[in-house]
Amino acid sequence: MATEFNSVSFIGRWLFALVLVLGSYNPTEWCYFSWATAETTSFGPIVAIVGIVLLIGWIIFLRATFMSMGWLGITLGAALFGCIVWAMVDQGWLTLDSEGTIAWVVLVILSLILAAGMSWSHIRRRMSGQFDVDEKDD
């Protein structure tokens, strides 16, 4: 039984989150949003199926993130990543001159927050020894 959480586990969650976020929307034409809204695309079962699969992915990631981190954790995570971007801009390592660059940065940060949300229960258990359990009404 492979229940050990490590950096590879986090990177795997982050890659899934990145595929979900960038597959849903990105500044290029290679995303669901651009494909579904293109004039050449007619709405049909394939467009609907892909949209529903993406929606299921979003619900899974968002629910896990909100259940494990809550609004406060998500806000603090966004603030932390925002300050990291600010430091990178301040050091000259990153420029935010174009809307495309800003969009990519925001999308990567969103995927990192979703990955942290999917991983947070494991991280908290490792740091504190406490387990998270979902409440179940009988």
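Which helices each supply at least two residues of the lining of the second largest pocket? In this predicted model, in which local features need pLDDT of at least 70, side-chain atom pairs count only at pLDDT 80 or more and totals for chains, interfaces and linings use all residues, the helices in question are α3 and α4 (99–128). Residues are numbered from 1 along each chain as its sequence is written, and side-chain values use heavy atoms, with hydrogens and water left out.

The protein chain comprises 4 helices and 0 strands, arranged from the N terminus as α-α-α-α, where helices (H or I, at least four residues) and strands (E, at least two) are DSSP runs numbered from the N terminus. Along the principal axes, the C-alpha atoms of the chain fill a box of roughly 55 × 50 × 30 Å. Of its 138 residues, 27% count as buried, buried being under 20% relative accessible area, exposed over 50% and partly exposed in between (1.4 Å probe, protein chains only).

The second largest pocket holds about 220 Å³ of space. A pocket is here an open set of points on a 1 Å grid over the protein atoms alone, with protein on both sides within 12 Å along at least five of seven lines, and its lining residues have an atom within 4 Å of a point; the volume is the space filled by probe spheres set on the points, which are joined across faces, edges and corners. Helix α3 gives the most to this lining, with 6 residues. Among the lining residues are Phe-10, Met-69, Gly-73, Leu-112 and Trp-120, and the full lining divides into 10 nonpolar, 2 polar and no charged residues, with Ala, Val, Leu, Ile, Met, Phe, Trp, Tyr, Cys and Pro counted as nonpolar, Asp, Glu, Lys and Arg as charged, and the others, Gly among them, as polar.

Helix α3 (residues 45–90) also gives the most to a nonpolar surface patch, with 4 residues. This patch, of about 450 Å², is made by Trp-35, Ile-46, Ile-49, Val-50 and Val-53; for patches of this kind, nonpolar side chains (Val, Leu, Ile, Met, Phe, Trp, Tyr) are joined within 5 Å, and the residues have over 30% relative accessible area and no salt bridge, that is, no side-chain nitrogen of Lys or Arg within 4 Å of a carboxyl oxygen of Asp or Glu. Accessible areas come from the Shrake-Rupley method with a 1.4 Å probe, and for residues only the protein chains shown count as cover. Ile-46, found in helix α3, is exposed, with a relative accessible area of 55%.

Pro-45 likewise lies in helix α3 and counts as exposed, at 61% relative accessibility. Between Pro-45 and Asp-97, 52 residues apart in sequence, the C-alpha to C-alpha distance is 39 Å.

Notes. Patch = residues over 30% accessible without salt bridge, like charges linked within 9 Å, V, L, I, M, F, W, Y side chains within 5 Å. 1 Å grid on protein atoms, 1.4 Å probe; cavity = no way out; pocket = protein on both sides within 12 Å on 5 of 7 lines; lining within 4 Å.
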